Amino acid sequence: MLRGIADFAMQGRWQAAIATAILSVAAMMLPPLNYLASGVIALTTLRMGPREGARVVTATLIVFALLAGFLLGQLWVAGLILLSSWLPVFLATLALGYTRSFATALLSATGVGLFIVVLMHLLIPDVTGWWQQIIEPFMATVSEQPGWQLDQVQTQQLTSRLSGMMTGLIAAGVSINAVVGLIIGRAWQSKLYNPGAFGNEFRQLSLGKPVAMFTAVLMILALTPISGTWSLLVDCLAVMLVAFGIQGLAIVHAIVVARDKSKAWLVTMYVLLVIMLPQMVMMLATLGVLEQWFNFRKRSQTE
């Protein structure tokens with residue numbers, strides 16, 4: 001099925017636009033499909049070039065706007081998805097195409113997330129309070145449902161915690177979509193035209209010591225009282241954890257291949273990612289940061 005999506009998208013601009021638009025509409029009911037939509041944009045941009053990639057994005061916007069207008073009566077949804085999904089993955093793919101460096105492309109996607117964090121903090125003086133005003137009516141409605149088990153005080157505490165996390169979560173979500181879309185697109189390109197190339201490229205991913213040092217400082221500051229007053233730092237950390245979580249995945253893949261381990265190790269890791277997402281992301285990101293100094297992949301080859 002996934003190969004069929006890639007084959008169909010490669011038939012032309014409008015085929016790619018139709019595939020992306022349909023997947024984006026379906027993602028409203030099944031969100032992970034949005035990664036495939038972003039993957040189509042990445043694939044077409046990598047294979048056909050930046051100019052044709054931009055035309056595919058434009059064509060997708062037209063097709064999706066027609067579908068959104070007919071099915072939802074809300075044309076603004078097309079603009080929202082353009083800014084949060086299609087444009088970020090297109091920019092990250094451009095970085096990969098021009099530099100031939102997956103690390104640079106990953107950092108470009110991370111940069112989009114950091115830009116969102118900084119922009120929101122600049123435009124909204126009290127961004128936590130702004131989110132709280134948005135979340136409170138929703139939480140008030142949910143708390144009235146028969147199955148709700150938290151009392152009023154606990155509900156208010158949950159609202160406050162969510163309000164403090166939302167900027168980082170939104171920015172991290174945009175980065176994740178761009179990165180996963182880029183990975184899918186690059187994997188499709190490799191599968192169709194150069195089998196095996198992406199696997200080697202991914203396992204060799206290295207984000208570098210300067211970025212790792214920046215992330216390590218954010219991790220340390222997040223554990224101190226300063227994180228309560230400098231929410232900007234915590235929001236930036238959420239985005240950086242995405243980048244180094246991917247770095248951690250690359251390390252695990254490389255070690256499994258180097259030591260000729262069973263793929264069951266990888267399956268177990270991904271199952272744990274679904275079951276224990278926050279904890280696993282933190283563990284993988286920590287592994288990704290430490291890799292820049294301890295080079296676990298090289299050690300696994302020599303031991």
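How far does helix α3 (residues 33-48) reach from its first C-alpha to its last? These legends go through some close-ups of the structure, which is a predicted model.

**View 1. Helix α3, end to end.** Helix α3 reaches 23 Å from its first C-alpha to its last. With 16 residues at 1.5 Å a residue, the expected figure is 22 Å, so the helix comes out close to that. Now check what's around α3: 13 of its 16 residues are buried, so the rest of the structure largely encloses this helix. Right after α3 comes Gly 49, and its phi is positive, near 100°.

**View 2. The largest nonpolar core.** This core is made up of 71 residues. Want to know where to look? Phe 64, Phe 202, Leu 205, Phe 244 and Ile 246 have the most contacts inside it. Helix α11 (residues 231-258) supplies the largest share of the core, 12 residues. Apart from this core lies another one, with 16 residues, including Ala 37, Val 40, Ile 184 and Trp 188. In soluble globular proteins, nonpolar side chains tend to be buried together.

**View 3. Phe 202 and its contacts.** Zoom in on Phe 202, and skip anything up to four places away in sequence. What does Phe 202 touch then? Its partners are Phe 102, Ile 183, Ile 246, Leu 249, Ala 250 and His 253.

**View 4. Gln 189 in helix α8.** Gln 189 sits in helix α8, which covers residues 152-193. Is Gln 189 buried or exposed? Its relative accessible area is 16%, and the cut-off for buried is under 20%, so Gln 189 counts as buried. Leaving out neighbours within four places in sequence, Gln 189 is in contact with Leu 43, Leu 46, Arg 47 and Asn 194.

**View 5. Val 256 in helix α11.** Val 256 lies in helix α11 and is buried, at 9% relative accessibility. Not counting residues up to four places away in sequence, Val 256 touches Lys 261, Ser 262, Trp 265 and Leu 266. Now find Gln 279: from Val 256 to Gln 279 is 23 residues along the sequence, and 21 Å in space, C-alpha to C-alpha.

**View 6. A nonpolar patch on the surface.** Here's a group of nonpolar residues on the outside: Phe 8, Trp 14, Ile 18, Ile 22, Ile 62 and Leu 66. Together they have about 580 Å² of accessible area. Two elements, α2 (13-26) and α4 (50-71), give two or more residues to the patch. The most come from α2, which gives three. An α-helix has 3.6 residues a turn, so residues three or four places apart point the same way. Phe 8 belongs to helix α1 (residues 2-9). At 32% relative accessibility, Phe 8 counts as partly exposed, because that value falls between the 20% and 50% cut-offs.

**View 7. Two loop residues with positive phi.** Arg 100 has a positive phi, near 60°, and it isn't a glycine. You'll find Arg 100 in the loop between α5 (76-99) and α6 (102-123). Its relative accessible area is 71%, so Arg 100 counts as exposed, the cut-off being over 50%. Asn 295 isn't a glycine either, and its phi is positive at about 50°. Look for Asn 295 in the loop between α13 (277-294) and α14 (296-302). With a relative accessible area of 34%, Asn 295 is partly exposed.

Terms used:
Residues numbered from 1 in each chain as written. Predicted model: local features only at pLDDT ≥ 70, side-chain atom pairs only at ≥ 80, totals over all residues. Heavy atoms only, no water. Core = buried A, V, L, I, M, F, W, Y, C linked by side-chain atoms within 4.5 Å. Buried < 20%, exposed > 50% of the residue type's maximum accessible area, 1.4 Å probe, protein only. Helix = DSSP H or I, 4+ residues; strand = E, 2+ residues; numbered from the N terminus. Contact = heavy atoms within 4.5 Å. Patch = residues over 30% accessible without salt bridge, like charges linked within 9 Å, V, L, I, M, F, W, Y side chains within 5 Å. Areas by Shrake-Rupley, 256 points an atom, 1.4 Å probe, with all protein chains shown as cover. Salt bridge = Lys/Arg side-chain N within 4 Å of Asp/Glu carboxyl O.
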